[in-house]
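Here are a few warm-up exercises to work through with the coordinates open. Try each task yourself before you read its solution.

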Amino acid sequence: MSDREQTGRSIGRLVGRVESVLRDSALPQGAGVVGAVGQPAERLLWPVAERYNRTLGERFGEVTGLQLLLLLLSFGGLVTAPLWGQDYLRPLTLGAVWAVFAMGWDIQSGYTGYISFGHSALSGAAGYTTGLLVLHLNPELSLFVTVPLSILATTVLGLAIAVPSLRLRGPYFSLVTFVTVLLFYRLTKALSHWTNGLRGIRVDVFTYDLTLQYYMVVVPMLAVAATLTYVGRSDVGTVLVAIRENEDAVSAAGVDPTKFKLWSFVLSAVPMGIGGVLLAHVNAGVDPQTFVIVDNSIQMIAMAVIGGMSSILGPLGGAFLFVGLRDVFLVGLGEELRWLALWLLVLLVLVFARDGLFRLLWRALGALGGDRR
Amino acid sequence: MTLLSVDGLAKQFGGLVAVDDLSFGVESGEILGLIGPNGSGKTTVFNCIMSIYAVTSGTVRFGGTDITDDKTHQIVNRGLSRVSQESNPIGSMTVRENIELFTFPNSVRSFDGGASDEAIASYAARVDIEDALDDDPGSLPHADVRRLEIAKALATEPDLLLLDEPFAGLNQTEVRQLSEQFESFREQGITMVVVDHNMRGLMDLVDRVVVLHNGQKLAAGDPADIVGDERVQDAYLAGEVSAVQ
Amino acid sequence: MLGDIASVIVDGALISAVYALIAIGFTMVFGVGGVLNLAHGALIMAGAYTYLSLVSDSILASVTLHPIVAFPLTIVVVGLISYGLYVVLVRTIEENVVITFLATIVVAIAFTELVTLVFHAQPYQYSVVPGVLQVQALGTRILYVELAAFVVSWVAMGLLWYYVTKTDSGRSIRATSTSERGAMLTGVDVSGVRARTWLVAGGLAGIAGVFLGGIGAAEPTMWLEPLALAFIIVVVGGIGSIKGSVAAAYIVGYLQTATGQFLGQSVRGIMSLVVLVVVLLVLPQGLYGTEFVHE
């Protein structure tokens with residue numbers, strides 16, 4: 001073996017060791033330090049959690065006391081954001097829109113393992129449907145018309161991608177979705193007499209009241225989160241995960257994987273449609289750069305990865321974290337350095353914490369309270 | 001009554017003939033042994049029956065219905081289930097969840113449609129793994145992983161079970177236990193086809209034997225007659241020799 | 001019209017050779033480790049910018065090398081980047097296909113930002129081999145750089161062919177991509193083979209990058225198009241097949257050149273996407289894909 005290979009190998013081994021140390025130490029040591037606070041808190045909260053588990057837990061998954069506390073705090077924080085975060089309403093609103101995208105991506109790609117790079121085309125379909133309707137049909141068109149039509153168009157596009165490509169396994173599927181984005185992008189240019197090319201189409205904002213706008217985005221986001229969490233924890237979610245783990249076993253169980261993969265696309269396309277419409281109105285317009293380009297798909301993927309794929313709420317948290325870093329905390333770094341830092345973070349999560357940061361947090365909270373499973 | 005009938009089945013991979021004009025039937029309530037040396041096409045026959053492979057020619061009928069062009073999940077829902085040679089439980093799910101998956105209806109609108117915990121426990125009990133229901137499949141010993149595979153197949157409520165090398169890697173006691181369990185499945189009304197390359201272990205269990213050699217039917221009949229059949233012995237000897245070379 | 005056809009024939013032949021080079025590296029990496037390296041386009045970009053930095057006095061003022069020196073140096077640098085990418089990142093996660101897939105696309109996009117940070121977003125034009133060859137008889141003209149790209153690409157493919165068929169080191173790459181278990185049983189160090197394949201694929205991407213940047217320009221988004229092309233070519237040719245990649249590169253290359261010439265540059269890329277979809281639906285194994293035989 002050459003020296004170079006040997007060096008390479010020892011680097012690889014070092015990375016492996018760091019990884020295992022991180023994995024082993026994170027929970028027990030953390031538990032030692034925080035345990036003094038965590039365990040009494042868990043005892044205090046457990047009766048509440050138990051009541052939740054007996055009622056809603058059946059549908060949404062059981063929790064420990066501390067996990068429930070995290071959920072309640074996050075929910076409370078989101079609902080009361082205009083009271084404490086007036087200065088951050090814009091990033092919070094965008095975070096909520098991207099959370100819808102990340103969850104939409106997750107129910108299809110994260111769950112089934114069929115990685116889609118095409119979700120920016122789906123959100124683009126919704127944005128452009130709204131934009132084209134407003135531009136060419138009637139600028140005064142009611143949201144009650146544009147929103148359902150945009151979601152419908154997204155679902156149609158989703159199925160148009162899914163039906164031919166889901167016969168293909170893994171990488172081939174990803175390729176087709178990737179190509180769909182390139183095609184969509186080229187079409188926005190080629191049809192620029194309709195779409196105004198790179199300039200895009202102007203769309204009215206919902207409202208100039210930022211607080212109201214925030215709620216107009218957060219409420220649908222919470223509805224998507226609740227619905228997808230419910231679906232993810234149901235038999236449907238189990239089958240989708242089983243498709244990822246072993247598609248042949250799903251067939252052997254008498255369940256049609258193709259049907260479920262298509263269904264996952266529908267489940268995904270509807271939130272993508274909702275998110276696309278929201279983004280068009282929040283951004284006051286739709287253009288290829290903010291909707292279609294493949295970078296946007298990769299951002300959705302990054303959010304899901306950071307939060308923890310195939311958990312719905314993980315990608316939700318990942319979206320807020322990502323947008324927070326992108327639009328608030330790392331802005332001082334300047335355009336390129338900020339992105340570089342973000343992508344490095346995603347890489348680190350992929351290598352060292354592939355289950356995602358929020359899933360790690362969730363497990364740590366569970367372990368802290370003495371996980372009952 | 002003939003439950004499964006295979007007629008003129010052929011399967012080619014490129015130019016390679018894996019199964020050639022094979023016909024046999026399985027009577028309701030019997031245990032049929034499908035034996036043959038390594039590479040004789042036994043697993044390919046199962047894969048063709050289950051539509052894992054598209055057949056090159058021939059038909060497969062189950063309960064009188066042509067299932068040749070059905071998809072795997074449709075065949076399973078008709079009451080035919082296969083336990084494959086490789087164990088492939090889903091590692092991120094418990095034993096219970098692995099079995100439950102096999103009880104799900106094929107419906108995207110079913111959010112809570114799997115079997116009850118009692119039903120799942122009863123499938124597990126039929127192969128003696130009811131104590132391992134909450135374990136991860138990865139932590140089970142080899143024999144229990146094999147039993148889990150059988151429990152999963154049972155959970156689809158089959159009329160006919162295709163068992164691919166069910167005894168591989170098991171010790172004497174485990175083989176005896178499993179044979180007894182197969183007998184009890186029969187009493188519960190399940191017909192079985194058992195594939196094995198080793199005929200001796202199978203002789204006490206099966207009612208009838210079909211011998212495959214190079215993808216063709218070499219002999220069929222009573223186990224005792226087959227053991228004495230010279231052509232069968234030659235085939236096995238040739239198989240062993242070519243396997244060594 | 002005749003001139004148009006002649007220029008399609010010539011241009012198609014020239015550019016397809018570079019496409020083939022890109023696709024071969026991509027498919028080799030997939031062949032030995034099952035990794036679809038979405039950072040392959042980024043390696044091409046690395047080739048363009050490395051060469052640019054070495055020859056141009058406007059980037060690194062202290063370094064201005066003659067193209068004859070800069071070109072091989074670029075190949076080595078990109079090869080090493082590719083090797084490092086495998087050893088440091090991919091090797092630690094390659095057992096999980098999805099994670100690896102995602103990590104390589106993140107690397108590609110992070111690399112875009114790095115390039116933008118260092119070189120800014122504007123395109124750089126540089127010349128590899130200046131000059132234009134007028135072919136009076138055909139009524140067409142050929143850039144010398146295209147000609148050089150064609151020649152160098154074919155020389156590289158020839159050397160590669162020699163490497164994988166005549167040398168032990170190269171043969172072990174082929175053995176591993178045919179049957180990993182078989183290779184392991186005959187004592188091939190599979191991990192070493194993979195690292196070596198990444199090195200070679202990186203070198204090929206480096207060559208392609210120098211020429212693609214020379215024909216067009218070096219810019220931070222230049223990785224996307226070649227990556228999509230590599231993907232399409234490899235699917236059309238049959239994934240894992242070098243022969244198929246070359247054939248498919250010519251099909252796709254000619255198709256692109258012809259649509260660009262006769263239907264306009266804006267639909268140039270769309271035709272190859274249509275072919276891709278047709279191939280995927282009609283011939284999922286590609287032209288030279290191996291049918292998977294079980295048992």
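**Exercise 1.** In which order do the 4 strands of the open sheet in chain B lie, and which strands are at the edges?

*Solution.* Keep in mind that this is a predicted model.
- Step one, the order: the 4 strands of chain B line up as 2-1-4-5, with antiparallel pairing, and the sheet is open.
- Step two, the edges: look for strands that pair on one side only, and you get strand 2 (16–27) and strand 5 (65–66) of chain B.
- Step three, one pairing in detail: strand 1 (residues 2–13) of chain B and strand 4 (residues 57–62) of chain B run antiparallel and are joined by 5 bridges.
- Step four, the register: across from B:T59 in strand 4 of chain B you'll find B:D7.

**Exercise 2.** Check the length of helix 6 of chain B against the span expected at 1.5 Å a residue.

*Solution.*
- Start with the count: helix 6 of chain B covers residues 172–187, which is 16 residues.
- The expected span takes 1.5 Å times one less than the number of residues, so for this helix it comes to 22 Å.
- Now compare: the end C-alpha atoms are 23 Å apart, which agrees.
- Finally, look just past the helix: B:G189 follows, and its phi is positive, near 100°.

**Exercise 3.** Is chain C as compact as a globular protein of its length, and why?

*Solution.*
- Take the inventory: chain C has 11 helices and 2 strands, in the sequence pattern α-α-α-α-β-β-α-α-α-α-α-α-α.
- Then test the size: the globule rule gives 19 Å for 295 residues, and the radius of gyration of chain C is 19 Å, so chain C is as compact as a globular protein of that length.
- For the dimensions, the C-alpha trace spans about 60 × 50 × 35 Å along its principal axes.
- Add the burial: 54% of the 295 residues in chain C are buried.
- Last, the contacts: of those in chain C with a separation of 6 or more, 73% are between residues 24 or more positions apart.

**Exercise 4.** Work out what chain C brings to its contact with chain A.

*Solution.*
- Count both sides: chain C gives 36 residues and chain A gives 39.
- Find the elements: helix 3 (67–93), helix 4 (97–119), helix 8 (190–215), helix 9 (224–237) and helix 11 (268–282) of chain C each give two or more residues.
- Pick the top contributor: helix 4 of chain C has the largest share of that side, 15 residues.
- Sort by residue type: the chain C side has 28 nonpolar, 6 polar and 2 charged residues.

Note on methods:
Residues are numbered from 1 along each chain as its sequence is written. Chains are lettered from A and ligands numbered from 1 in the order in which they are written. This is a predicted model: local features need pLDDT of at least 70, side-chain atom pairs count only at pLDDT 80 or more; totals for chains, interfaces and linings use all residues. Two strands pair if DSSP finds at least two bridges between them. Two residues are in contact if their C-beta atoms, placed from the backbone, lie within 7 Å. Ala, Val, Leu, Ile, Met, Phe, Trp, Tyr, Cys and Pro count as nonpolar, Asp, Glu, Lys and Arg as charged, and the others, Gly among them, as polar. The radius of gyration is taken over C-alpha atoms; the globule rule is 2.2 Å times the number of residues to the power 0.38. A residue is buried if 20 or more other C-beta atoms lie within 10 Å of its own, exposed if 12 or fewer, and partly exposed in between; C-beta atoms are placed from the backbone.
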